[in-house]
Amino acid sequence: MLERRSDRDLKQQILREMKWDSRIPWASIDVIVSEGVVTLNGNVSSYAQKIAAQEAAHRILGVLDVANDIQ
C-alpha cells in the first residue's frame, strides 16, 4: 500500500502542475488541500481555464477528489 502524501506536499505539487500548464492563470487560483481532497477557489476568464485547473489537480498522485469552486 502506498503511503499517503501530506496535504502540504500535494498543494505544492498541484501549484507546480498549474504553473507548468500555460492554459491556467495559476496566480488567481487558491488551492486548499484537506486530507487529500482539493478545493480550488478564485476567478478565471473562461470555463476552459476552470476545467484546466481541475484537470491539473487531478493529475497529481494522491489527490482523492477535487471541488472546483472557481468562478
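**Notebook: helix α2 and the sheet it lies on**

Started with the outer side of α2: I find Y47 and A48 exposed there, on the face turned away from the helix's buried side. Note to self: this is a predicted model.

Next I looked up the buried side. The buried residues of α2 are Q49, A52, A53, A56 and A57. I looked down the helix axis, and these residues fall within an arc of 135 degrees, so they line one face of α2. What covers them? I get a list that includes α1, β1, β2 and β3.

Checked the helix length too. α2 has twelve residues, and I get 17 Å from its first C-alpha to its last. That is close to the 16 Å expected at 1.5 Å a residue.

**The sheet**

I then turned to the strands. There are three of them in an open sheet, in the order β1-β2-β3, and the pairing is mixed. Which strands sit at the edges? I have β1 (29–34) and β3 (65–70), each pairing on one side only. Between neighbouring strands I note an average turn of 15 degrees, direction ignored.

Took the pairs one by one. β1 pairs with β2 (residues 37–42) in the antiparallel sense, and I count six bridges there. Within that pair, V31 has L40 of β2 as its bridge partner, and S34 stands opposite V37. β2 and β3 run parallel, again joined by six bridges. One partner pair I wrote down here is T39 with A67 in β3. Following the chain, I go from β2 through α2 to β3, and this β-α-β crossover is right-handed.

Reminder for the margin: strands of a sheet pair through backbone hydrogen bonds, either parallel or antiparallel.

**How the helices lie**

I checked both helices against the sheet. α1 (residues 7–20) lies across β1 and β2, and I have its direction at about 150 degrees to β1. α2 (residues 47–58) lies across β1, β2 and β3, running at about 155 degrees to β3.

**The hairpin turn**

Back to β1 and β2, which form a hairpin with two residues between them. Which residue in the turn has a positive phi? It is E35, at about 55 degrees. I flagged this one, since E35 is a residue other than glycine. Most residues other than glycine have a negative phi. E35 is in the loop between β1 and β2. Is E35 buried or exposed? I find E35 exposed, with a relative accessible area of 58%.

**I32**

Last stop was I32, in strand β1. I have it as partly exposed, because its relative accessible area is 40%, and buried would need under 20% while exposed would need over 50%. Which residues does I32 touch, leaving aside neighbours within four places in sequence? I list V37, V38, T39 and N41 as its contacts. I also looked at I32 against K11: they are 21 residues apart in sequence, and 7.1 Å apart in space, C-alpha to C-alpha.

Notes:
Residues numbered from 1 in each chain as written. Predicted model: local features only at pLDDT ≥ 70, side-chain atom pairs only at ≥ 80, totals over all residues. Heavy atoms only, no water. Pairing = 2+ DSSP bridges. Helix = DSSP H or I, 4+ residues; strand = E, 2+ residues; numbered from the N terminus. Axes fitted to C-alpha atoms, helices over the stretch in contact; angles between N-to-C directions. Contact = heavy atoms within 4.5 Å. Right-handed = clockwise from strand over helix to strand, strands pointing away. Expected span 1.5 Å × (residues − 1). Buried < 20%, exposed > 50% of the residue type's maximum accessible area, 1.4 Å probe, protein only. Arc of directions from axis to C-beta.
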